[in-house]
Amino acid sequence: MKNTITGRRLAEVDGLRAVAVLAVVLYHYFQAYPQYSPYGAALLPLAKYGDLGVELFFVISGFVITLSLTERPGPLRFALKRLARLWPALVVCSLITFVFVHSVGSDFTQDIRGDLSGVAASWTFTSQRFWHSVFGFDGYVDVVYWTLAIEVRFYLLAAVICWLVPKGRFGRVAPLVLLIMQSIFAVG
């Protein structure tokens, strides 16, 4: 991640991202589905804390987005940069996931197999509750995409705060306001 103020790379943030990725991958591989891997949980018991990697991602994202908003990009530029960063990978990964779970005949893929509506839901960055209440199906081609709905909600809040707070005060006001807003969303 490049520091938008100094222009230099922040290796520490990249290192934390690597820790978060490893934690989440180990959690899903060894802990999340013990019925499909009977010795997985026992093989690496420390992996049960891997779900904390998601929280670490959210903290990193809060830091990175707040840092990038100090440049005060316009709303359209900010939205397009976020979309260009997230959406292509989301489309590719959701299509690969869909094809994989429909091509492999294991108990696991049978249990998580969905239809094309899950792909469409995954591409919208919206809550699974929305898809269930409006269309009657549980969205997402892969349940882990719930984090993107939270992430995009955070982007929207951060952008609104950036444009409401007077120039030069965003760095002082944003962390507190964003923390309060995320707390409200987490409870609600």
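Which residues does H102 touch, not counting residues up to four places away in sequence? Select H102 together with R113 and G114: these two are what H102 touches, a contact being heavy atoms within 4.5 Å. Before going on, note that this is a predicted model, in which local features need pLDDT of at least 70 and side-chain atom pairs count only at pLDDT 80 or more, while totals for chains, interfaces and linings use all residues. Residues are numbered from 1 along each chain as its sequence is written, and side-chain values use heavy atoms, with hydrogens and water left out.

**Whole chain**

Show the protein as a cartoon. Nine helices and zero strands appear, and from the N terminus the order of elements is α-α-α-α-α-α-α-α-α. Helices (H or I, at least four residues) and strands (E, at least two) are DSSP runs, numbered from the N terminus.

Switch to a surface. The protein exposes about 11,700 Å², with carbon and sulfur atoms supplying 69% of that area; accessible areas come from the Shrake-Rupley method with a 1.4 Å probe, and for residues only the protein chains shown count as cover. Of the 188 residues, 31% count as buried. Buried means under 20% relative accessible area, exposed means over 50%, and partly exposed lies in between (1.4 Å probe, protein chains only). Among contacts between residues at least 6 apart in sequence, 58% join residues at least 24 apart.

**Stop 1: H102**

Return to H102, which lies in helix α4. H102 counts as partly exposed because its relative accessibility is 34%. Now add I112, ten residues along the chain from H102; their C-alpha atoms are separated by 9.7 Å.

**Stop 2: the surface of helix α4**

Stay on helix α4, residues 75-103, and select L80. L80 joins L76, L83 and W87 in a nonpolar surface patch of about 400 Å². Patches are made of residues with over 30% relative accessible area and no salt bridge, where like charges are joined within 9 Å and nonpolar side chains (Val, Leu, Ile, Met, Phe, Trp, Tyr) within 5 Å.

**Stop 3: aromatic rings**

A pair of aromatic rings is described by the distance of the centres and the angle of the planes. Rings of Phe, Tyr and Trp (its six-membered ring) pair if their centres lie within 6.5 Å; planes under 30 degrees apart count as stacked, over 60 as edge-to-face and the rest as tilted. By this rule there are four aromatic pairs. Select Y29 and F30: their ring centres are 4.8 Å apart and their planes stand at 85 degrees, so this pair is edge-to-face. Y29 is exposed, at a relative accessible area of 61%, whereas F30 is buried, at 14%.

Next, select F78 and Y155. This aromatic pair is edge-to-face, with 6.4 Å centre to centre and 80 degrees between the planes. The pair links distant parts of the chain, as F78 is in helix α4 and Y155 in helix α8 (residues 146-164), 77 residues apart. Both F78 and Y155 are buried.

What lies over the face of Y155? Add R82, found there at 5.4 Å from the ring centre. A charge sits over a ring if NZ of Lys or CZ of Arg is within 6 Å of the ring centre and within 35 degrees of the ring normal.

**Stop 4: Q31**

Select Q31, in the loop between α1 (11-30) and α2 (40-43). Q31 counts as buried because its relative accessibility is 17%. Leaving aside residues up to four places away in sequence, Q31 touches L26, A41, L44, P45, A47 and K48.

**Stop 5: helix α1**

Side chains of opposite charge can pair when their charged atoms come close. The structure holds one salt bridge, defined as a side-chain nitrogen of Lys or Arg within 4 Å of a carboxyl oxygen of Asp or Glu. To see it, select D14 and R17, whose side chains meet at 3.6 Å, N to O. D14 and R17 are three residues apart in helix α1, so about one helical turn separates them. D14 is partly exposed at 22% relative accessibility, and R17 is partly exposed at 23%.

V21 also lies in helix α1, and counts as partly exposed at 40% relative accessibility. Measure from V21 to L56: the two are 35 residues apart in sequence and 9.4 Å apart in space, C-alpha to C-alpha.

**Stop 6: G62**

Finish in helix α3 (residues 52-69), where G62 has its place. G62 counts as buried, at 14% relative accessibility. Add P175, 113 residues from G62 along the chain; the C-alpha atoms of G62 and P175 are separated by 8.4 Å.
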